[in-house]
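The following exercises concern salt bridges and their setting in the fold. Each task is followed by a solution in steps.

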Amino acid sequence: MDAKRAEHTVIIGAGQAGIQVADSLRAEGYPGAVTVLNDESAVPYQRPPLSKDYLSAAAEGTALPLRGPDFFESKNITLHSGRAVAVDTDARKVSLDGGTVLNYTHLVFATGAANRPLSCPGATFEGVHALRTLRDALNLQRALATAQRVVVIGAGFIGLEFAAAAHARGLEVTVLEFASRPMGRALSATASQWFAERHRTDGIDLRLNEGVASIERDEAGLVVISTTGRRYPADLVLYGVGVLPRTEVPQAAGVATDNGVLVDAALRTSVPGVLAVGDCASFPNVHTGTRTRLESVQNATDQGRHAARSIMGENSSYAQLPWFWSTQGALRLQIAGISEPTDEPVILGDPSSGKFSIALLRNGALAAVESVNSPADHIAARKLVGQNISVDPATLTHPSFSLKALAKTLIPVPS
Amino acid sequence: MPTITFAQSSGATTEITVAEGTSLMRAAVTNSVDGIVGECGGQGMCATCHVYVRPEFTDQLPELSDDEDEMLDCTTAERTDSSRLGCQIKMSPALMNIVVDVPADQV
């Protein structure tokens, strides 16, 4: 009993992943103390709405908390304001910026990711924004209220979500993307092209193969100069050019990292008693057969639950199917699984209706499904992808085919 | 201001008064109502804010969109005629004293 009583799990990071570890530890009956370190001044909140609903003119004014105010007290979880600056993995101690030192028996890195900085000249001018935290979103909300012309750098999820939100507020929006298609890292070429056309039809000036060279400032405001030499005057610039995992502290502590904190299938790092979850963790992905680092709510919460079970002594492999979503104006994109450039795309439904899915086949099996305004397809896909289900493209395109019906035939309905 | 009553399967109830326009999911999450998760932050993407709306209020609810309809097909607890997603119900004068039942499971 005494040994149990001394147990203390310290979780570095109070985002979706960190809070989930704490919640799941209690749900699993963890007997020790639980401390979550929060390096932001706001109480832990949900990030996904910040680039979507939160930026609309009719937004609900406050951030949505991850848990209610009495959650921490009622679950006996200590939410500690502060930033971890060093970890001594031999002595099992974490040092915080304020000088506090915490002893731990288990440590979880849930440090997330930081925005990749914009490196061109002029990147730090006032009016050039990034979006990650509630503070960033508040700044943007204020800037949007007076801006007319918006330039977005990077046509990834964040860039396009922001572009659609700004466009919906009646602003003039240009998006610069150095690659040949939007959301290229996450989407099949087929889906990517459909989104490019749709955003352009809706009135967003999406410019591909055109990156940012520099940002200048004159009396009228900012001017973004692209790699093709075009000049785009702007009142507000938002860049979303990817993220970098926050690995400084684990790296300095001798924990193995390589584009993220390296973890095994049970989410344990190279150092005993130390785990990592969420955006910062590079894990063996059974769905791709490679090491992966994913930035999504699903990955954060499912890994949070799994890490809690690992701390409780379970030795099982994390194998949850990755899924993602993005809301870009009226377009609701949902993805189940991870596609690869060589997958064979099969279109389900009619893309011109604005409601369809793309099935991606690998070696004849369903490897991923991208759905636009088709939640039923997405939910069915979450049951089907990863089950190594062989499908014939001719069957998929038959008018009577539906993923939902297929999911029902393959999975026994629990009684 | 509108009041929402969340009734748990245990019989316990929580009454919350909120500003008009607040969604039922947000009201539940910000007030630590058990059994409402709202994992996607109110985007209608996760179906973890499933509630059963008591029949006397169903006529006043906003119309069920196709998207919500499809998401309700994949709730963890059984879908019934009174199933809705809490994130899609914004409080209005018509729903002044709404009562909803919280399902036993969301995830």
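**Exercise 1: A pair within one helix**

Task: In this predicted model, characterise the salt bridge between the side chains of A:Arg198 and A:Asp202.

Solution. Step 1: the N to O distance is 3.4 Å, which meets the criterion for a salt bridge (a side-chain nitrogen of Lys or Arg within 4 Å of a carboxyl oxygen of Asp or Glu). Step 2: A:Arg198 and A:Asp202 are four residues apart in helix H6 (residues 189–202) of chain A, so about one helical turn separates them. Helices (H or I, at least four residues) and strands (E, at least two) are DSSP runs, numbered from the N terminus. Step 3: A:Arg198 is partly exposed at 27% relative accessible area, and A:Asp202 is partly exposed at 37%. Here buried means under 20% relative accessible area, exposed over 50%, and partly exposed in between (1.4 Å probe, protein chains only).

Conventions: residues are numbered from 1 along each chain as its sequence is written, while chains are lettered from A and ligands numbered from 1 in the order in which they are written. In this predicted model local features need pLDDT of at least 70, side-chain atom pairs count only at pLDDT 80 or more, and totals for chains, interfaces and linings use all residues; side-chain values use heavy atoms, with hydrogens and water left out.

**Exercise 2: Pairs across the sequence**

Task: Determine which parts of chain A are tied together by the salt bridge of A:Lys52 with A:Glu161.

Solution. Step 1: the closest N and O atoms of A:Lys52 and A:Glu161 are 3.3 Å apart. Step 2: A:Lys52 lies in the loop between strand E2 (33–38) and helix H3 (71–74), and A:Glu161 in helix H5 (residues 157–168), so the pair joins parts 109 residues apart in sequence. Step 3: both A:Lys52 and A:Glu161 are buried.

Task: Is each partner in the salt bridge of A:Glu340 with A:Arg362 buried or partly exposed?

Solution. Step 1: the closest N and O atoms of this pair are 3.5 Å apart. Step 2: A:Glu340 is in the loop between strand E23 (331–337) and strand E24 (344–350), and A:Arg362 is in strand E25 (residues 355–362), 22 residues apart. Step 3: A:Glu340 is partly exposed at 30% relative accessibility, whereas A:Arg362 is buried at 18%.

**Exercise 3: The whole structure**

Task: How many salt bridges does a search of the whole structure find?

Solution. Step 1: the search gives 25 over all chains. Step 2: a network of salt bridges links A:Asp205, A:Arg207, A:Glu210 and A:Arg230. Step 3: as background, chain A contains eleven helices and 26 strands, and buried residues make up 55% of its 415 residues.
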